[in-house]
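Me: Please take a close look at the interface of chain A and chain B, and tell me which residues and elements build it and how the two copies are related.

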Protein chains: 2
Amino acid sequence: MLATEVIKAKREGLALSKDDLQFFIQSYTNGALPDYQMSALLMAIFLKGMNFQETLDLTQAMLDSGERVEFPQLFPIDKHSTGGVGDKTSLLLAPIAAACGVPVPMMSGRGLGHTGGTLDKLESIPGFNVHLDLPTFKNQVETLGLCFIGQTQNICPADKKIYALRDVTGTVESLPLICASIMSKKIAEGIKGLVLDVKVGSGAFMKSLEEAQALAESLISIGEGHGLKTQALITDMSQPLGSFVGNAVEVGECLSILKREDFMGHRFEKFHATETLSLELSAMMISMNKNIPLDQARSQAREALDSGKAYELFEKVCAKQGGDIQKLNFPTQCTVISAEKDGFLASMNCEKIGVAGIEMGAGRKKVTDTVDPIPGIEICVPVGGQIHRGEPLFKIHHTSDTPGLSPAQGLLSTCFQISDSPVEIPPLIQKRLS
Amino acid sequence: MLATEVIKAKREGLALSKDDLQFFIQSYTNGALPDYQMSALLMAIFLKGMNFQETLDLTQAMLDSGERVEFPQLFPIDKHSTGGVGDKTSLLLAPIAAACGVPVPMMSGRGLGHTGGTLDKLESIPGFNVHLDLPTFKNQVETLGLCFIGQTQNICPADKKIYALRDVTGTVESLPLICASIMSKKIAEGIKGLVLDVKVGSGAFMKSLEEAQALAESLISIGEGHGLKTQALITDMSQPLGSFVGNAVEVGECLSILKREDFMGHRFEKFHATETLSLELSAMMISMNKNIPLDQARSQAREALDSGKAYELFEKVCAKQGGDIQKLNFPTQCTVISAEKDGFLASMNCEKIGVAGIEMGAGRKKVTDTVDPIPGIEICVPVGGQIHRGEPLFKIHHTSDTPGLSPAQGLLSTCFQISDSPVEIPPLIQKRLS
């Protein structure tokens with residue numbers, strides 16, 4: 001099979017066969033097919049699209065490029081978020097669902113660009129090790145019910161190579177490519193159900209509800225095409241989720257919810273958005289795993305949180321993976337951005353808040369950057385909230401060593417709009433798809 | 001300037017600026033920009049197109065990637081053909097025009113795929129050297145009025161690198177890319193006028209008159225945008241031009257016309273199609289150079305041919321470039337493909353005839369293949385010609401060493417259709433554009 005013929009077929013808008021895709025992905029993964037042919041195909045896919053069957057076959061080919069974990073006796077469930085700012089639900093929903101008996105094999109990513117990553121957040125817990133091998137991962141899911149790891153070299157190596165190429169060839173924002181990338185990695189974890197949190201808004205990859213819905217529908221179809229129970233929520237990312245954006249501070253917000261304790265001078269009730277979404281997503285996971293009505297699953301999730309069982313499990317998982325929650329370091333200094341007039345917070349540029357974090361080292365500009373666990377941003381007023389002149393809108397939490405304070409301040413000072421009249425509060429959960 | 005941003009702009013169908021194109025072409029030529037980014041851009045250009053200004057700027061950027069010959073005192077003219085089978089006009093029109101005083105700096109290509117190349121044909125003349133440096137080339141044009149050379153490393157290196165990449169990434173058949181590739185090389189020769197022979201039909205790159213016309217118009221616009229007088233003929237390639245297809249045999253057909261002598265048992269009048277088109281193209285060159293009416297230029301061209309002046313000049317140029325016409329070797333054996341019924345030759349698959357030549361080594365499958373000057377194919381009956389059962393349709397001229405005889409026979413036996421009723425003879429010159 002000639003690579004050029006496959007490229008030409010897609011260029012003409014024809015559908016590629018399962019064999020075409022297997023050939024292309026396999027040859028690319030083993031190095032026989034050069035980058036320049038893959039990038040030509042990626043651009044042709046970007047511009048000509050792929051039908052459902054092609055996307056399914058592409059997902060399968062990426063899956064076949066590496067190893068696959070299997071849990072024959074279990075019905076494991078995972079969650080995937082399309083990425084946002086302050087999006088910390090994994091740290092809560094995983095122990096909540098696992099405490100209710102749902103096996104959660106959680107393979108997460110790192111932050112890139114303005115969005116954060118679960119691995120970076122977990123690694124702000126001193127000693128926490130996400131570099132486990134697959135047998136250890138599998139064993140921990142089977143014994144503790146929950147394990148957090150990073151993507152290993154063995155899982156979907158094709159995806160790793162293709163994603164790096166897409167990043168430098170202007171072919172990232174393609175629905176079939178995004179779907180195949182997400183779903184191949186998730187299916188490889190050995191899950192039987194997947195809950196999707198598709199973010200929409202200024203801090204999300206998808207800026208409109210229509211785009212988010214198209215992505216959610218496509219992901220659900222591929223999941224179900226591969227025999228997975230798949231459901232999705234489309235949730236608000238017009239502002240960061242909860243109060244904190246960063247690494248240690250996001251873990252702090254989650255621990256506050258898990259332990260029902262204060263954090264940074266706030267009662268845990270202040271973090272209700274984070275708690276609400278995490279509970280809802282974990283309830284969906286529980287309902288899927290146990291095949292029970294969502295309301296019943298919600299009660300179980302709530303009970304696991306309120307009783308402290310979810311916290312106990314989280315602590316146990318941390319300890320098992322070498323992490324010591326007691327040694328978490330938090331920022332010691334604070335710089336405040338205050339409102340210059342009275343009014344209502346009309347909107348935020350949520351992406352700018354993520355970028356402000358990157359300026360301080362809380363995120364990455366390049367894959368090779370290292371992340372500073374300490375600095376963070378506190379969102380003092382949510383969209384729709386009333387504000388008075390001189391009151392804090394944002395707090396930058398940092399240390400005396402934190403770099404990039406001044407560009408972060410600059411970004412935060414210009415990332416919001418204040419309205420004289422009351423504004424509508426954006427609903428946290430915008431749509432439900434299954 | 002970020003390469004990815006340029007790729008994204010074209011991907012979205014935006015026009016690229018002169019700076020974008022200069023940056024991309026320069027960085028690619030000097031090796032700073034990797035193949036995979038160029039191939040992503042090429043596919044985006046293929047699918048989203050380029051407007052006239054972009055194509056002009058791309059041509060300029062490719063031109064700027066290398067050296068440029070200049071003839072400040074002269075008004076040199078060249079011809080470019082989009083490529084066909086048995087297309088040997090360069091060997092005639094160049095000495096005819098030059099004999100009339102038109103400086104002809106002829107930089108030609110090699111055959112690739114089913115079409116032949118002037119350099120391969122010239123090299124069938126023992127000793128003929130097309131590897132001259134630019135000062136020698138320039139000097140010969142200034143003294144003899146004609147020089148034949150191959151593209152040097154110094155002329156449009158960007159084009160060479162990009163063409164090789166297009167070939168393996170399914171991005172060859174793109175109007176702006178084709179136009180920029182052709183025109184940058186021609187402009188770099190230092191010409192002030194260009195006559196285009198745009199081929200149309202089963203043996204041409206453009207299969208329909210509409211496509212050929214679009215290509216011709218685009219080439220003319222770019223030529224004129226760069227200050228060149230530019231005119232085009234759209235000519236028939238539904239059958240090979242003239243009688244012979246190959247290398248030495250095509251030179252033989254041309255020498256027969258130039259010397260008014262027999263070749264392979266045929267009177268030179270048999271090769272009237274080759275003569276007619278070559279005379280017309282050279283007349284256009286003469287008319288451009290001298291700024292005289294076409295009819296007057298036609299008389300001059302005819303006189304240069306009939307008087308033997310064109311032949312004298314061709315012989316002189318061959319000698320100057322080391323070639324000895326007397327030592328030309330022709331095939332010694334002949335295999336005939338005969339008609340199996342009476343009728344009229346309705347059509348040929350002209351590309352198949354070119355491929356039959358390749359099977360015998362007369363052309364290249366890969367750029368690195370070497371060409372055998374000896375074997376050739378004779379077209380005994382033109383489209384529209386009457387044929388009787390048992391009469392030859394094609395003759396394969398070869399030696400006892402020629403490989404691929406049997407696949408060539410197979411191709412030739414299935415490359416034509418015979419009709420019971422008379423068929424229209426396709427006009428040689430189908431359209432004239434200026």
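Reply: What follows describes the contact between the two chains, from its extent to its symmetry.

The model is predicted, and in it the contact takes 22 residues from chain A and 22 residues from chain B. The area buried between the two chains is about 1700 Å², with carbon and sulfur atoms giving 70% of it. On the side of chain A, the three residues A:Arg11, A:Tyr36 and A:Leu47 supply 34% of the area that this chain buries against chain B, which is more than any other three residues supply.

A:Arg11 also takes part in a salt bridge with B:Glu173, where the closest N and O atoms are 2.9 Å apart; across the whole interface the rule finds two salt bridges, and it finds nine residue pairs in polar contact. The elements of chain A that give two or more residues to the side touching chain B are α1 (3-11), α3 (35-48) and α8 (157-168), and of these α3(A) provides the largest share, ten residues. By character, the residues on that side of chain A divide into nine nonpolar, six polar and seven charged.

As for the symmetry, chain A can be laid on chain B with an RMSD of 0.0 Å by a turn of 180 degrees and a shift of 0.0 Å along the axis, and that is the relation of a two-fold axis. A:Tyr36 comes closest to this rotation axis among the residues of chain A, its C-alpha lying at 2.0 Å. Because 100% of the interface residues of chain A are also interface residues in chain B, the copies meet through the same surface.

How values were computed: Residues are numbered from 1 along each chain as its sequence is written. Chains are lettered from A and ligands numbered from 1 in the order in which they are written. This is a predicted model: local features need pLDDT of at least 70, side-chain atom pairs count only at pLDDT 80 or more; totals for chains, interfaces and linings use all residues. Side-chain values use heavy atoms; hydrogens and water are left out. Contact means heavy atoms within 4.5 Å. Buried area is the accessible area (1.4 Å probe) that two parts lose on being put together, summed over both. A salt bridge is a side-chain nitrogen of Lys or Arg within 4 Å of a carboxyl oxygen of Asp or Glu. A polar contact is a pair of N or O atoms within 3.5 Å; within protein, one must be able to donate a hydrogen and the other to accept it, and residues adjacent in sequence count only if both atoms are side-chain atoms. Helices (H or I, at least four residues) and strands (E, at least two) are DSSP runs, numbered from the N terminus. Ala, Val, Leu, Ile, Met, Phe, Trp, Tyr, Cys and Pro count as nonpolar, Asp, Glu, Lys and Arg as charged, and the others, Gly among them, as polar. Copies are superposed by least squares on the C-alpha atoms of residues with pLDDT of at least 70 in both.
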